[in-house]
Amino acid sequence: MFEKDLVLPVKDRQVFKEQIGTELYDSDLDGYNAQTTLITVGDVVSLTFRKHGIRPFLSVYDGMTERREMTEFGILVENEEKDTVVNPAGKITKELADCIRRRIEGSGGLIKVDGEEDLALLPVILMAPLGSDIIYGWPGKCMMRITTDESIRTKFEHMVLRMEEAE
């Protein structure tokens with residue numbers, strides 16, 4: 001599904017802005033215990049979990065939040081091993097998808113995106129083991145939690161199929 005770079009057509013961008021999952025707040029993390037694989041997508045989300053003493057299996061981040069530089073998480077993990085991949089806004093590059101696959105099949109860790117990590121949620125959902133908790137940010141509101149199952153995967157497969165091969 002991710003053999004080539006994909007781009008999100010302008011006409012479909014609204015579909016990708018729908019809230020998916022259940023709302024999760026900082027206060028919900030007190031006593032939070034991930035029973036399965038935990039993956040965070042986004043700087044603020046990844047930082048929030050770390051501040052609560054919860055180390056996700058995998059964190060995907062880009063050093064930005066709401067188009068502004070967000071260095072606190074980057075500084076926190078600057079000395080940790082990480083993969084850095086290029087992924088422009090509105091795209092899912094093959095490089096990003098391959099890196100996500102390697103990290104999920106391996107020992108997890110960190111993926112720093114040079115560009116934008118927003119659409120990384122799609123390959124993460126499709127590649128994570130069933131039952132995984134995927135947490136992403138809903139800017140200006142809260143965090144969102146998706147637990148992977150077959151219906152979520154089907155929904156995200158349909159979303160990916162709306163994307164076009166990049167030129």
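How many bridges join strand 1 to strand 12, and in which sense do the two strands run? I opened the notebook with that one, and the answer is two bridges between strand 1 (residues 6–7) and strand 12, which run antiparallel.

**Entry 1: ground rules**

I am working with a predicted model, where local features need pLDDT of at least 70 and side-chain atom pairs count only at pLDDT 80 or more, while totals for chains, interfaces and linings use all residues. Residues are numbered from 1 along each chain as its sequence is written, and side-chain values use heavy atoms, with hydrogens and water left out. My helices (H or I, at least four residues) and strands (E, at least two) are DSSP runs, numbered from the N terminus. I call two strands paired if DSSP finds at least two bridges between them.

**Entry 2: the three-stranded sheet**

I followed strand 1 outward and found an open sheet of three strands in the order 8-1-12, with antiparallel pairing. Strand 8 (91–92) and strand 12 (164–165) stand at the edges with a single partner strand each, so one side of each has no neighbour in the sheet. For a landmark, I noted that Leu 6 has Glu 165 in strand 12 as its bridge partner.

**Entry 3: the parallel pairs**

Next I looked up strand 3 (residues 38–41). Four bridges join strand 3 to strand 10 (residues 133–138), and these two run parallel. Three bridges join strand 3 to strand 4, again in parallel. Thr 40 is a handy residue to click on: its bridge partner in strand 10 is Ile 135, and Thr 40 stands opposite Ser 59 in strand 4. From strand 3 the chain crosses through helix 1 to strand 4, and this β-α-β crossover is right-handed (with the strands pointing away from the viewer, the path from the first strand over the helix to the second runs clockwise).

I then moved on to strand 9 (residues 109–115), which pairs with strand 4 (residues 58–61) in the parallel sense over four bridges. Tyr 61 has Lys 112 as its partner there. Strand 7 (residues 83–87) also pairs with strand 9 in the parallel sense, over five bridges, and Val 85 is matched with Val 113.

Which way do the side chains of strand 3 point, and are they buried or exposed? Leu 38 and Thr 40 point one way, Ile 39 and Val 41 the other way, and all are buried (under 20% relative accessible area; exposed is over 50% and partly exposed in between, with a 1.4 Å probe and protein chains only). That fits the rule that side chains in a regular strand alternate between the two faces of the sheet.

**Entry 4: salt bridges**

How many salt bridges does the structure hold? I have eight in my notes, each a side-chain nitrogen of Lys or Arg within 4 Å of a carboxyl oxygen of Asp or Glu.

Arg 50 and Glu 80 meet at 2.9 Å, N to O. Arg 50 lies in helix 1 (residues 43–51) and Glu 80 in the loop between helix 2 (71–76) and strand 7, so the pair ties together parts that are 30 residues apart in sequence. Arg 50 counts as buried at 17% relative accessibility, whereas Glu 80 is partly exposed at 22%.

Lys 51 and Glu 72 meet at 3.1 Å, N to O. Here helix 1 supplies Lys 51 and helix 2 supplies Glu 72, so the tie is between parts 21 residues apart in sequence. I logged Lys 51 as exposed at 58% and Glu 72 as partly exposed at 42%.

Asp 98 and Lys 94 have their closest N and O atoms 2.6 Å apart. Both sit in helix 3 (residues 94–105), four residues apart, which is about one helical turn. I also noted a network: salt bridges that share partners join Arg 50, Arg 55 and Glu 80.

**Entry 5: helix 3**

Helix 3 has twelve residues and reaches 16 Å from first C-alpha to last, close to the 16 Å expected at 1.5 Å a residue (the expected span is 1.5 Å times one less than the number of residues).

Which residues of helix 3 are buried? They are Leu 96, Ala 97, Cys 99, Ile 100, Arg 103 and Ile 104. Seen down the axis, these buried residues fall within an arc of 160°, so they line one face of helix 3 (the arc is taken from the directions from the helix axis to the C-beta atoms). Arg 102 and Glu 105, on the other side, are exposed.

I finished with what covers the buried residues of helix 3: the list includes strand 3, strand 4, strand 7, strand 8, strand 9 and helix 4 (121–127), with contact meaning heavy atoms within 4.5 Å.
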